[in-house]
Amino acid sequence: MKKYFHAMMMSFSMFCAVPCPYHEWDDDARPLMTLFLPVVGAFIGGLWTLTAFVLRWLSVPALIQGAVLSAFPFLITGGIHMDGFLDVTDAVKSCRDPGERRRILKDPNVGAFAVIDAILLVMAQFALFASLKEEADPFALLLIAVVSRTAAALCVTVLRPMGTSEYAGGYRKGVKKSHAMALAVVLTAAVALGFCFLGKYGFVSVGVMAGYSLFLIRALRSLGGMSGDISGYAMTFAELCGVAVFALI
């Protein structure tokens, strides 16, 4: 039980920018970290939803609401998933051979492709949030955060990692089939509960999974394996797709 607690705290510390009072690192608990990504998603999504309700209650102008809600997922995560988005975008759009793409992926410098795509992504997210209908249910944001992180955790757990990825080392040795099964059950439950309680807004989960799958496949074909950066890249697009469904449905 102590190992699971360590894994949960480690997951919060790594994937959420809200200060965590627990800072002990346990290598034995590392393979369990992805199991708690849905919990991290529920926490982040809950705060995202609460922020939307408060902005609506205060009758904040739509453009300001759009700015706050579009910036929230990047700020609350400390930009960790956006970092993966930037790295993978530069690598994928370089149109080089696979080895060179993997080198670019690890390059700490940010290229023009990443900057341009990041600007376009943020503009799109802002426009979508600024266009929300008055009757839009903010609880859809909770669903987006949970489904995107659960899908990411499942893919990191079951897909073959790149040879240069940290996931190819000791992490993979501790991953069990039961971890993938548990994440699959959580993902299925989240989608089902979304439709049960949110009605048509349950379709945001479909948008999230479609977006994640589409951009994950693109990155895997280009880079030849899974990594944390690729997961962040696909998750960033997945959340945008979920927000698009939320705003346009």
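A salt bridge is a side-chain nitrogen of Lys or Arg within 4 Å of a carboxyl oxygen of Asp or Glu. In this predicted model, the side chains of Arg103 and Asp107 meet in such a bridge, at 3.8 Å from N to O. Arg103 is partly exposed, because its relative accessibility is 44%.

The structure holds five salt bridges. Side chains of opposite charge can pair when their charged atoms come close. A second bridge joins Glu100 and Arg96, with 3.7 Å between the closest N and O atoms. Arg96 is partly exposed, with a relative accessible area of 46%. The two bridges belong to a network, in which Arg96, Glu100, Arg103 and Asp107 are linked.

Asp117 also takes part in a salt bridge. Its partner is Lys93, and the closest N and O atoms are 2.9 Å apart. Asp117 lies in helix H6 (residues 112-130), while Lys93 lies in the loop between helix H4 (80-92) and helix H5 (98-106). The pair therefore ties together parts that are 24 residues apart in sequence. The two partners differ in burial. Asp117 is buried, with a relative accessible area of 13%. Lys93 is partly exposed, at 26%.

Helix H5 was examined next. Asp97 caps the N-terminal end of H5. A side-chain oxygen of Asp97 lies 3.1 Å from the backbone nitrogen of Gly99. Within H5, Glu100, Arg101, Ile104 and Leu105 are buried. Seen down the axis of H5, the buried residues fall within an arc of 150°, so they line one face of the helix. These buried residues pack against H4, H10 and H11.

Ile104 gives a detailed view of this packing. This residue belongs to helix H5. Ile104 counts as buried because its relative accessibility is 15%, and the cut-off for buried is under 20%. Leaving aside neighbours within four places in sequence, Ile104 is in contact with Asp90, Ala91, Ser94 and Arg96. Asp90 stands 14 residues from Ile104 along the chain. The C-alpha atoms of Ile104 and Asp90 are separated by 7.0 Å. Arg96, another contact of Ile104, is also a member of the salt-bridge network.

The nonpolar interior comes next. The largest nonpolar core has 72 residues. Those with the most contacts inside this core are Trp48, Phe85, Val88, Tyr212 and Phe246. Helix H7 (residues 139-158) provides the largest share of the core, twelve residues.

Tyr212 illustrates the contacts of one such residue. Residues up to four places away in sequence are not counted here. Tyr212 touches Ala151, Ala152 and Cys155. The further contacts of Tyr212 are Met226, Ser231, Ala234, Met235 and Ala238.

Ser231 is one of these partners of Tyr212. Ser231 is found in helix H11. This serine is buried, with a relative accessible area of 8%. Apart from residues up to four places away in sequence, Ser231 touches Ala152, Val156, Tyr212 and Met226. Ala152 and Met226 are thus touched by Ser231, and Tyr212 touches them as well.

Aromatic rings add another set of contacts. A search of the whole structure finds eleven aromatic pairs. Phe53 and Phe139 form an edge-to-face pair. Their ring centres are 5.4 Å apart, with 65° between the planes. Phe53 lies in helix H2 (residues 37-57) and Phe139 in helix H7, so the pair ties together parts that are 86 residues apart in sequence. Phe53 counts as partly exposed, at 33% relative accessibility. Phe139 is partly exposed too, with a relative accessible area of 42%.

The rings of Phe215 and Tyr233 have their centres 6.1 Å apart. Their planes stand at 80°, so this pair is edge-to-face. Phe215 is in helix H10 (residues 204-223) and Tyr233 is in helix H11 (residues 228-248). The pair links distant parts of the chain, 18 residues apart. Both Phe215 and Tyr233 are buried.

Phe215 and Tyr233 also belong to a cluster. Ring pairs link them with Phe85 and Phe237. Phe85 appears again among the residues with the most contacts inside the largest nonpolar core.

How values were computed:
Residues numbered from 1 in each chain as written. Predicted model: local features only at pLDDT ≥ 70, side-chain atom pairs only at ≥ 80, totals over all residues. Heavy atoms only, no water. Core = buried A, V, L, I, M, F, W, Y, C linked by side-chain atoms within 4.5 Å. Buried < 20%, exposed > 50% of the residue type's maximum accessible area, 1.4 Å probe, protein only. Helix = DSSP H or I, 4+ residues; strand = E, 2+ residues; numbered from the N terminus. Contact = heavy atoms within 4.5 Å. Phe/Tyr/Trp six-rings, centres within 6.5 Å; stacked < 30°, edge-to-face > 60°. Arc of directions from axis to C-beta. Polar contact = N/O pair within 3.5 Å; in protein donor to acceptor, adjacent residues only side chain to side chain.
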